[in-house]
Amino acid sequence: MEKLIITCAISGAEVTKEDNPYVPYTVEEMAIEAYNAYKAGASIIHLHVREDDGTPTQNVKRFDEAIIAIKELCPGVIIQPSTGGAVGMSNDERLQPIYLKPEMCTLDCGSVNFGGDEVFINSENDVIYFAEKIYEKGILPELECFGKMHVDQVLRLYKKGLIKDHLHFSFVLGIPGGMTGEERDFLFLKDSIPSNATYSVAGVGRFEFKLAELSIKHGGHVRVGLEDNIYISKGVKALGNKALVEEVVRIAKTYGREIASPNETRKILGLKV
Ligand code: KMH
Ligand code: ZN
């Protein structure tokens with residue numbers, strides 16, 4: 001089986017230090033959390049940035065500082081800035097990190113409720129606009145799908161040539177308002193994508209490790225991190241992103257799945273080594 005790509009979503013935009021004190025806000029904290037995740041086995045760092053007080057921002061200068069600091073501590077690591085940002089940001093605000101020409105970034109492939117009054121808006125035209133800007137810069141988008149309809153959206157745009165090879169999906173399952181993360185949900189999504197596509201699974205909250213294990217078992221890849229889940233086990237807060245990555249590595253070992261280095265990840269995803 002292909003080696004396992006572990007992505008670590010170290011911070012996100014919604015989770016706070018009140019939820020888990022290891023959630024990084026400052027550039028220095030971002031670099032330390034990324035380093036600990038990288039040392040534990042993560043080859044991709046999914047990156048949101050914050051102001052020092054924790055407010056989410058898509059400020060290009062802040063991304064630049066964080067990326068420089070992370071690259072210094074984590075040689076070769078792949079940094080994947082978010083173009084999702086936080087709910088309510090404008091498209092152009094969300095797109096700011098692509099101007100730093102990272103190797104990868106996220107492309108959110110449809111709208112989804114985030115619980116309560118929160119709606120994460122990604123209309124079809126938004127997705128087309130983001131895709132155009134991302135490909136223009138030669139960046140590989142990770143296709144964030146919060147449900148089957150987003151996978152279908154990708155496949156429609158792929159047929160029109162607006163989303164291009166290599167297709168690397170991320171199934172983000174278990175958010176309130178999105179698709180849940182039972183085994184049948186995972187199987188449905190994985191069986192809905194073309195055979196030459198790759199996928200990673202991000203299970204939110206209690207789904208994190210259950211879905212990680214399923215993906216490891218079926219040859220997929222895994223995303224974990226405080227963005228998605230703050231617990232290492234029921235009611236026990238994780239002592240940082242490192243603990244979450246270590247748990248994935250432990251599960252992978254039980255299935256004999258080796259962990260991909262950053263350059264092995266580049267090869268799997270068709271990125272330049
Ligand atoms: N924070 C969410 C609004 C992404 O990174 O592309 C969007 C998100 C997805 O986290
Ligand atoms: Zn994110």
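Which residues line the second largest pocket? The points below address this and related features of the structure, which is a predicted model.

1. The second largest pocket is lined by Glu 103, Tyr 135, Gly 138, Ile 139, Leu 140, His 166, Leu 269, Gly 270, Leu 271 and Lys 272. Its volume is about 210 Å³. Sorted by class, this lining comprises five nonpolar, three polar and two charged residues.

2. His 166, one of the residues lining the second largest pocket, also takes part in a cis peptide bond, with Asp 165 as its partner. The omega angle of that bond is about -5 degrees. His 166 belongs to the loop between helix H5 (148-159) and strand S10 (168-173). In general, most peptide bonds are trans.

3. A further backbone feature concerns Lys 101, a residue other than glycine whose phi is positive, near 50 degrees. Lys 101 is located in the loop that runs between helix H3 (91-94) and strand S6 (104-108). As a rule, most residues other than glycine have a negative phi.

4. The largest pocket has a volume of about 590 Å³, and the space taken by ligand 1 is this pocket. Its lining consists of 29 residues. Those nearest its centre are Glu 14, Phe 114, Ile 175, Glu 227 and Asp 228. The lining divides into 13 nonpolar, eight polar and eight charged residues.

5. Around ligand 1 there are 13 residues, and Glu 14, Ser 82, Gly 85, Thr 106 and Asp 108 come nearest to the ligand. Glu 14 is thus named among the residues nearest ligand 1 and among those nearest the centre of the largest pocket. By class, the shell around ligand 1 contains four nonpolar, six polar and three charged residues.

6. Polar contacts to ligand 1 involve both side-chain and backbone atoms of the protein. An N or O atom in the side chain of Asp 108 is 2.6 Å from an oxygen atom of ligand 1. For His 46, a polar side-chain atom lies 3.2 Å from an oxygen atom of the ligand. Gly 84 contributes through its backbone, with an N or O atom 3.4 Å from an oxygen atom of ligand 1. Taken alone, ligand 1 exposes 300 Å², of which the protein buries 97%.

Key. Residues are numbered from 1 along each chain as its sequence is written. Chains are lettered from A and ligands numbered from 1 in the order in which they are written. This is a predicted model: local features need pLDDT of at least 70, side-chain atom pairs count only at pLDDT 80 or more; totals for chains, interfaces and linings use all residues. Side-chain values use heavy atoms; hydrogens and water are left out. A residue is near a molecule or strand if one of its heavy atoms lies within 4 Å of it. A polar contact is a pair of N or O atoms within 3.5 Å; within protein, one must be able to donate a hydrogen and the other to accept it, and residues adjacent in sequence count only if both atoms are side-chain atoms. Accessible areas come from the Shrake-Rupley method with a 1.4 Å probe; for residues, only the protein chains shown count as cover. On a 1 Å grid over the protein atoms alone, a cavity is a set of points where a 1.4 Å probe fits but cannot get out, and a pocket is an open set with protein on both sides within 12 Å along at least five of seven lines; lining residues have an atom within 4 Å of a point. A molecule sits in a cavity or pocket if more than half of its atoms lie within 2 Å of its grid points. Ala, Val, Leu, Ile, Met, Phe, Trp, Tyr, Cys and Pro count as nonpolar, Asp, Glu, Lys and Arg as charged, and the others, Gly among them, as polar. Grid points are joined across faces, edges and corners, and a volume is the space filled by probe spheres set on the points. Helices (H or I, at least four residues) and strands (E, at least two) are DSSP runs, numbered from the N terminus.
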